[in-house]
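I opened this entry to keep track of what I looked up, one topic at a time. The structure comes first and my notes follow.

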Amino acid sequence: MVWEERWHPLREEWVIVAAHRQDRPWSGGTVEQEEEELPEYVDDCYLCPGNPRVSGMVNAQYGQTFVFDNDHPSVSLDAPIDLIPPPGIYRNRPARGIARVVCYSPKHNLTLGELELAEVEKLLHVWQEQYQELGSRPEIAQVLIFENKGEAVGVSNPHPHCQIYATNFVFKTIETEVRVSERHLAETGRVLFQDILAAEHEDGRCIIAENDSAIAFLPYFARYAYEVFVAPKATHPNIATLSGRELRDFAEVLKQVLVKFDNLWQMPFPYVMPLHQAPVDGGDYSGFHFHIEFHPPLRKPNLLKYLAGPEIGGGNFLSDTSPQEKAAELRAQSDIHYKHLPKQEIK
Ligand SMILES: [Zn+2]
Ligand SMILES: [Zn+2]
């Protein structure tokens, strides 16, 4: 079974080959109908408190968040080191890193948007701790925190959780964002993301939520219909340096976005949600501005945006929707989650 990193010489990026993960529970191969009413606890859920996992480990009887090492890691400090030398110009190396899972809540039937504001804030603290702890290890170059949510992105277990890949390389998208941010800073003396925020403020139509120190917007250049960025207004290269006040404001805006997403079609809204943070390889990333990106795969209920010729074949997105219109749809949504509204008010 191959488990290593292989260099893609044409894209200049690492590919993680983790063939041992084929049987992992995240594969989501069978799509079942989304249940309307889920219970708070499910006895065969590997994320619910007190339940055993495939490794034989038993989850703590946790009351809020719970962090553990992934039982089906894509990268690991125990990944094989005796690799078969590749032919010709090809390169490989051990898939060294740390993969973790963060449960947001002991309750199986909640989504991130349904957590109380204080619980979202607590989760942001956990993300700060994880970034600092994993980022301080010399073998780690990047801490990628992300949530895959919904069967549309291959997740069959609705228990609210995210994953962390702490890797020995910098992910390609972050590498690109770092490079252009550095160039912009060198050429203009300004932080690129601040110029993006200024442009969004100048137009104003795509701002989804905002308070003193945090903002959410559907960017002018969005690739997905409901793509939304959430960011602190001040430049922090990562989440770890946000003050308590900034973290609270960030939690508030993040929750507003999530509630609007769920309210849009009155269903749990699927997405891929990465935290874009500066690498932890010792470089100077003062021009990099931490943000969360939402990449929702749906254009309409049950209508997936398929990635095809232009996107997969060419690497550039073809967007079929107007960002201004989609932003207006999201802005119009209530900030109260539909599950908390009296039944008669639901459209
Ligand atoms: Zn569960
Ligand atoms: Zn980004």
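**Two loop residues with positive phi**

I started with Asn302, which is exposed, with a relative accessible area of 73%. The model is a predicted one. I placed Asn302 in the loop between strand 13 (298–300) and strand 14 (303–304). I then looked up its backbone angle: the phi of Asn302 is near 65°, a positive value in a residue other than glycine. As a reminder to myself, most residues other than glycine have a negative phi.

I noted a second case, Gln266, with phi near 50°, again positive and again not a glycine. Gln266 sits in the loop between helix 4 and strand 11 (271–276). Its relative accessibility is 25%, so I wrote Gln266 down as partly exposed. The cut-off I used is that partly exposed lies between 20% and 50%.

**First zinc ion**

Which residues coordinate the zinc ion (ligand 1)? I found Cys45 and Cys48, each through SG, and His108 and His159, each through ND1, at 2.0 to 2.3 Å. I looked up the angles among the four donor atoms, and they run from 103 to 117°, so the site counts as tetrahedral, for which every angle must lie between 85 and 135 degrees. For reference, the ideal angle for four tetrahedral donors is 109.5 degrees.

I wrote the spacing of the donor residues of ligand 1 in sequence as C-x2-C-x59-H-x50-H. Cys45 and His159 are 114 residues apart, and the pair links distant parts of the chain. Cys45 is in the loop between strand 2 (13–18) and strand 3 (66–69), while His159 is in the loop between strand 6 (142–149) and strand 7 (161–167). I checked whether these two are buried or exposed. Cys45 has a relative accessibility of 3% and counts as buried. His159 is buried too, at 1%.

**Second zinc ion**

I turned to the zinc ion (ligand 2), which is coordinated by Glu177 (OE, listed twice), His276 (ND1), His291 (NE2) and Glu293 (OE), at 2.0 to 2.6 Å. In sequence I read the spacing of these donor residues as E-x98-H-x14-H-x1-E. Glu177 belongs to helix 2 (residues 172–188) and His291 to strand 12 (residues 291–294), so this pair ties together parts that are 114 residues apart in sequence. Glu177 has a relative accessible area of 17%, so I counted Glu177 as buried. His291 is buried as well, at 3%.

**Helix 1 and the cores**

I checked the length of helix 1 (residues 117–135) next. Its 19 residues should span 27 Å at 1.5 Å a residue, and the end C-alpha atoms are 27 Å apart, so the two values agree. I listed the buried residues of helix 1, among them Val120, Leu123, Leu124, Trp127, Tyr131 and Leu134. I kept in mind that an α-helix has 3.6 residues a turn, so residues three or four places apart point the same way.

How many residues are in the largest nonpolar core? I found 61, and those with the most contacts inside this core are Trp127, Val228, Val230, Ile292 and Phe294. Helix 4 (residues 244–265) gives the most to this core, with 10 residues. I followed up Ile292, which touches residues including Trp127, Val228, Val230, Phe250, Leu254 and Met273. A second, separate core has 10 residues, including Tyr46, Cys48, Tyr62 and Val101. In soluble globular proteins, nonpolar side chains tend to be buried together.

**Two buried glutamates**

I looked up Glu4 in strand 1 (residues 3–8). Glu4 is buried, at 7% relative accessible area. I found a polar contact from its side chain to the side chain of Arg6 (2.6 Å), and another to the side chain of Asn92 (3.3 Å). Beyond its neighbours up to four places away in sequence, Glu4 touches residues including Val15, Val17, Leu83 and Arg93.

Last was Glu114, in the loop between strand 5 (97–103) and helix 1. Glu114 is buried, with a relative accessible area of 8%. Its side chain makes a polar contact with the side chain of Lys339 (3.5 Å). Leaving aside neighbours within four places in sequence, I listed Asn109, Lys255, His337, Lys339 and His340 as the contacts of Glu114.

How values were computed. Residues are numbered from 1 along each chain as its sequence is written. Chains are lettered from A and ligands numbered from 1 in the order in which they are written. This is a predicted model: local features need pLDDT of at least 70, side-chain atom pairs count only at pLDDT 80 or more; totals for chains, interfaces and linings use all residues. Side-chain values use heavy atoms; hydrogens and water are left out. Helices (H or I, at least four residues) and strands (E, at least two) are DSSP runs, numbered from the N terminus. Buried means under 20% relative accessible area, exposed over 50%, partly exposed in between (1.4 Å probe, protein chains only). A polar contact is a pair of N or O atoms within 3.5 Å; within protein, one must be able to donate a hydrogen and the other to accept it, and residues adjacent in sequence count only if both atoms are side-chain atoms. Contact means heavy atoms within 4.5 Å. Donors are N, O and S atoms within 2.8 Å of the metal (3.2 Å for Na, K and Ca); water is not among the atoms, so sites may look incomplete. Four donors count as tetrahedral if all angles lie between 85 and 135 degrees; four count as square planar and six as octahedral if opposite donors are over 155 degrees apart and all others between 65 and 115; anything else is irregular. The expected span of a helix is 1.5 Å times one less than its number of residues. A nonpolar core is a set of buried Ala, Val, Leu, Ile, Met, Phe, Trp, Tyr and Cys residues joined through side-chain atoms within 4.5 Å.
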